[in-house]
Amino acid sequence: MGRKSYIGLSAFLIFVLTLLCLVFLPLQVWTKQIQTVLPKGVQVREMSGHWWSGQALIDAKGVTEPLQISWTMPSICQPVEWFVQHYQVKGHGRIRPSVFSVSTWVDEMTIHPNLLRSLFFPRAEKITGSLIEIKSWSSQYSLSKQRFTEFSGRADWSSGELSYGFNSNKYVANVQQWRIEGALYEDLPIIELISVSEGALLDAMLRPNLDLEITIMPKLIQLFGYHWPGRPEYPAFVMLKPLFDSH
């Protein structure tokens with residue numbers, strides 16, 4: 001073996017060793033780098049473990065207590081299994097990152113309805129009722145196209161109550177057999193809130209700039225006791241709400 005071959009082999013070994021050292025470093029070392037790619041409304045409080053198995057405490061906008069997130073990789077050929085624990089949300093699923101896309105599955109999750117306040121009902125005084133149950137949800141995000149190529153799922157909310165005050169008056173809407181459905185519309189993920197008896201109540205579309213375009217239907221307004229003079233199939237109004245604070 002010539003001198004150039006020895007130099008080349010040495011350089012390759014140094015590269016491999018350096019890469020292995022970086023991979024095996026504890027995740028605490030990467031906390032600042034990970035924080036830079038997260039939206040401003042999401043903050044890493046603590047992180048431990050390694051890329052293939054670890055846990056983290058995450059502060060998120062609209063969530064009062066930190067989310068406890070853990071993950072583990074059963075094998076290199078299988079998706080990473082993730083788990084989330086919080087007094088208002090609990091669930092587990094899988095995620096498979098690749099060079100071209102990121103696929104995510106929610107296998108099972110329960111959500112306290114009060115978490116809907118920060119996203120869809122910011123003016124509500126209180127949201128109570130049964131837990132929102134997600135049985136299955138899946139999505140795929142293309143890194144090259146920078147858009148969702150798959151987004152679908154369903155959640156059920158059997159009963160509850162939404163209340164808010166306006167001009168010293170209190171308005172209450174009763175929840176009976178509502179469901180939340182996810183789908184793609186013109187390559188944009190959309191979540192629709194539907195009453196089994198009343199029909200579509202609202203939908204929220206995630207724009208590429210991470211703004212939620214929320215469309216309120218007359219049926220939702222009427223559930224609070226308001227009279228709506230317009231046609232029921234047309235939206236009552238549309239509003240934009242940032243999902244996260246901008247950097």
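In this predicted model, strand 4 spans residues 80-85 and presents two faces. V80, W82 and V84 make up the covered face. E81, F83 and Q85 lie on the uncovered one. In a regular strand, side chains alternate between the two faces of the sheet.

Strand 4 has partners in strand 3 and strand 5. Strand 3, residues 67-72, runs antiparallel to strand 4 and is joined to it by five bridges. Within this pairing, S70 has F83 of strand 4 as its bridge partner. F83 belongs to the uncovered face. Strand 5, residues 89-97, also pairs with strand 4 in the antiparallel sense, here over six bridges. W82 is bridged to G93 of strand 5. W82 itself belongs to the covered face of strand 4. The connection between strand 4 and strand 5 is a hairpin of three residues.

Q88 sits in the loop between these two strands. Its relative accessible area is 9%, so Q88 counts as buried, the cut-off being under 20%. Contacts beyond its neighbours within four places in sequence were also examined. Q88 touches T110, I111, H112, N114 and L115.

Aromatic residues were considered next. The search of the whole structure returned four aromatic pairs. One of them joins W137 and F151 in an edge-to-face arrangement, with 5.8 Å between centres and 75° between planes. W137 comes from strand 8 (residues 132-142) and F151 from strand 9 (residues 147-166), so this pair ties together parts that are 14 residues apart in sequence. W137 is buried, because its relative accessibility is 13%. F151 is buried as well, with a relative accessible area of 14%.

Y141 and F148 form another edge-to-face pair. Their ring centres are 5.2 Å apart, and the planes meet at 75°. Y141 has 29% relative accessibility and therefore counts as partly exposed. F148, at 19%, counts as buried. The cut-off for buried is under 20%, so F148 falls within the buried class. Ring pairs link W137, Y141, F148 and F151 into a cluster.

A nonpolar patch was found on the surface. W51, W52, M73 and I76 make up this patch, which covers about 440 Å². W52 is located in the loop between strand 1 (42-50) and strand 2 (53-60). Its relative accessibility is 31%, so W52 counts as partly exposed. Patch residues need over 30% relative accessible area, so W52 at 31% meets that limit.

Totals for the chain complete the description. The chain contains four helices and 14 strands. It has 247 residues, of which 33% count as buried. Q88, W137, F148 and F151 are among the buried residues. The exposed area of the chain is about 15400 Å². Carbon and sulfur atoms supply 59% of that area. Among contacts with a separation of 6 or more, 35% are made by residues 24 or more positions apart.

Technical notes. Residues numbered from 1 in each chain as written. Predicted model: local features only at pLDDT ≥ 70, side-chain atom pairs only at ≥ 80, totals over all residues. Heavy atoms only, no water. Buried < 20%, exposed > 50% of the residue type's maximum accessible area, 1.4 Å probe, protein only. Pairing = 2+ DSSP bridges. Patch = residues over 30% accessible without salt bridge, like charges linked within 9 Å, V, L, I, M, F, W, Y side chains within 5 Å. Areas by Shrake-Rupley, 256 points an atom, 1.4 Å probe, with all protein chains shown as cover. Salt bridge = Lys/Arg side-chain N within 4 Å of Asp/Glu carboxyl O. Phe/Tyr/Trp six-rings, centres within 6.5 Å; stacked < 30°, edge-to-face > 60°. Contact = heavy atoms within 4.5 Å.
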